[in-house]
Amino acid sequence: MYKNPKSVPTMKSLEKGQEKKAADREKNGKTQAAKQSSITRDQAWDLLRKYNKEPFHLQHALTVEGVMRWFAKELGYAAEEDFWGITGLLHDIDFELYPEEHCKKAPELLREAGVSEDMIYAICSHGYGMCSEEEPKLEMEKVLYAADELTGLIWSCALMRPSRSTMDMEVKSLKKKFKDKKFAAGCSRETISQGAERLGWELDELFDKTILAMRSCEAAVAEAMGQDA
């Protein structure tokens, strides 16, 4: 649902909101040196395309990147936006060529490219309980774990809409599809639910935030896919 333009927050209020979130994190003892990516975004994109050619996989990677960037800013980790985003971009690097070794082949591919161990751990943690023993511990890792499967479900829902977009999707529509286990059956409802629990959020909150995150990057993903075609 779109808000009345009068209620849209100004840039100044958004900046104050980010400052408050950062202050809250510091108050709760959550602040530490901001994580920085050991490779650039361009290097990460080239690395991804070295092992991934299928448009579906590239679109998913770009979507998760955009979602992670949105969450980094939303949750008060704006200084780590590149780290969060590049982690999202590379999270499925080994899936297309090595589906049976998903999250097991990734460390080798990533280390060869100079990716840091903390990013490698974060990437592998999104497969926890399915194909990885690395448990999501940091908030960023928990977001990736929760949002990865959910982005697939949301996009499947979007493609069923006349608009073929997330821009007019509402949580109640997503909840109906979430309950229909036959719809987008490859998207694990259990993982999504566990992800929300790990973050300490209700499912509705995770749904709402992830829809907003996907709206924020939908146009950019479409443009990137058009350029890559």
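**Figure 1. Leu174 and its neighbours.** Setting aside residues within four places in sequence, Leu174 touches Leu150, Leu153, Ile154, Cys157, Phe207 and Ile211. The model shown here, as in every panel that follows, is a predicted one. Leu174 itself sits in helix H8, which covers residues 171-179. With a relative accessibility of 0%, Leu174 counts as buried. One of its contacts, Phe207, is 33 residues away along the chain, yet the two C-alpha atoms are separated by just 7.6 Å.

**Figure 2. The whole chain, for orientation.** Before zooming in again, here's the overall layout. The chain has 10 helices and zero strands, so to speak an α-α-α-α-α-α-α-α-α-α run from the N terminus on. Of its 229 residues, 45% count as buried. Take the contacts with a separation of 6 or more: 66% of them join residues 24 or more positions apart.

**Figure 3. Helix H3 against helix H4.** Here we look at H3 (residues 55-74) and H4 (residues 81-90), whose axes come within 7 Å and cross at roughly 155°. Angles over 145 degrees count as roughly antiparallel, and that is therefore how H3 and H4 run relative to each other. The crossing of H3 with H4 is right-handed. On the H3 side, the contact takes in Ala61, Leu62, Val64, Glu65, Met68, Arg69, Phe71, Ala72 and Lys73. Facing them from H4 are Glu81, Asp82, Trp84, Gly85, Ile86, Gly88 and Leu89. Sorted by class, the H3 contact with H4 has nine nonpolar, two polar and five charged residues.

**Figure 4. Helix H4 against helix H6.** H4 also packs on H6 (residues 117-125), with the axes 9 Å apart and at an angle of about 55°. That angle makes H4 oblique to H6. The crossing of H4 and H6 is right-handed. From H4, the residues to look for are Phe83, Ile86, Thr87 and Leu90. H6 brings Asp118, Met119, Ala122 and Ile123 to the contact. By class, the residues where H4 meets H6 split into six nonpolar, one polar and one charged. Keep an eye on Ile86: this H4 residue takes part in the contact with H6 and also in the one with H3.

**Figure 5. The two sides of helix H2.** Which residues of H2 are buried? In this helix, made up of residues 41-51, they are Ala44, Trp45, Leu47, Leu48 and Tyr51. Seen down the axis of H2, these buried residues fall within an arc of 160°, so they line one face of the helix. The general background is helical geometry: an α-helix has 3.6 residues a turn, so residues three or four places apart point the same way. Turn to the face of H2 that points away from the buried side and you find the exposed residues Asp42 and Lys50.

**Figure 6. Thr151 in helix H7.** Thr151 belongs to H7, which spans residues 139-159. Is Thr151 buried or exposed? Its relative accessible area is 3%, so Thr151 is buried. Leaving out residues up to four places away in sequence, Thr151 touches His60, Thr63, Val64, Val67, Thr210 and Met214. Val64 may look familiar, as it is among the H3 residues that meet H4.

**Figure 7. Two loop residues with positive phi.** Most residues other than glycine have a negative phi. Arg164 isn't a glycine, but its phi is positive, at about 50°. Arg164 is found in the loop between H7 and H8. With 51% relative accessibility, Arg164 counts as exposed. Ala184 is another non-glycine residue with a positive phi, near 45°. Where does Ala184 lie? Ala184 is in the loop between H8 and helix H9 (189-199). At 21% relative accessibility, Ala184 counts as partly exposed.

**Figure 8. Ala219 in helix H10.** The last view picks out Ala219, a residue of H10 (residues 203-228). Its relative accessibility is 59%, so Ala219 counts as exposed. Also shown is Ser165, 54 residues from Ala219 along the chain. The C-alpha atoms of Ala219 and Ser165 are separated by 9.7 Å.

Methods:
Residues are numbered from 1 along each chain as its sequence is written. This is a predicted model: local features need pLDDT of at least 70, side-chain atom pairs count only at pLDDT 80 or more; totals for chains, interfaces and linings use all residues. Side-chain values use heavy atoms; hydrogens and water are left out. Axes are lines fitted to C-alpha atoms, for helices over the stretch in contact, and angles run from 0 to 180 degrees between N-to-C directions. Helices (H or I, at least four residues) and strands (E, at least two) are DSSP runs, numbered from the N terminus. Angles under 35 degrees count as roughly parallel, over 145 as roughly antiparallel, 65 to 115 as roughly perpendicular and the rest as oblique. A crossing is left-handed if the near helix is turned anticlockwise from the far one by less than a right angle, and right-handed if clockwise. Contact means heavy atoms within 4.5 Å. Ala, Val, Leu, Ile, Met, Phe, Trp, Tyr, Cys and Pro count as nonpolar, Asp, Glu, Lys and Arg as charged, and the others, Gly among them, as polar. Buried means under 20% relative accessible area, exposed over 50%, partly exposed in between (1.4 Å probe, protein chains only). The arc is that of the directions from the helix axis to the C-beta atoms.
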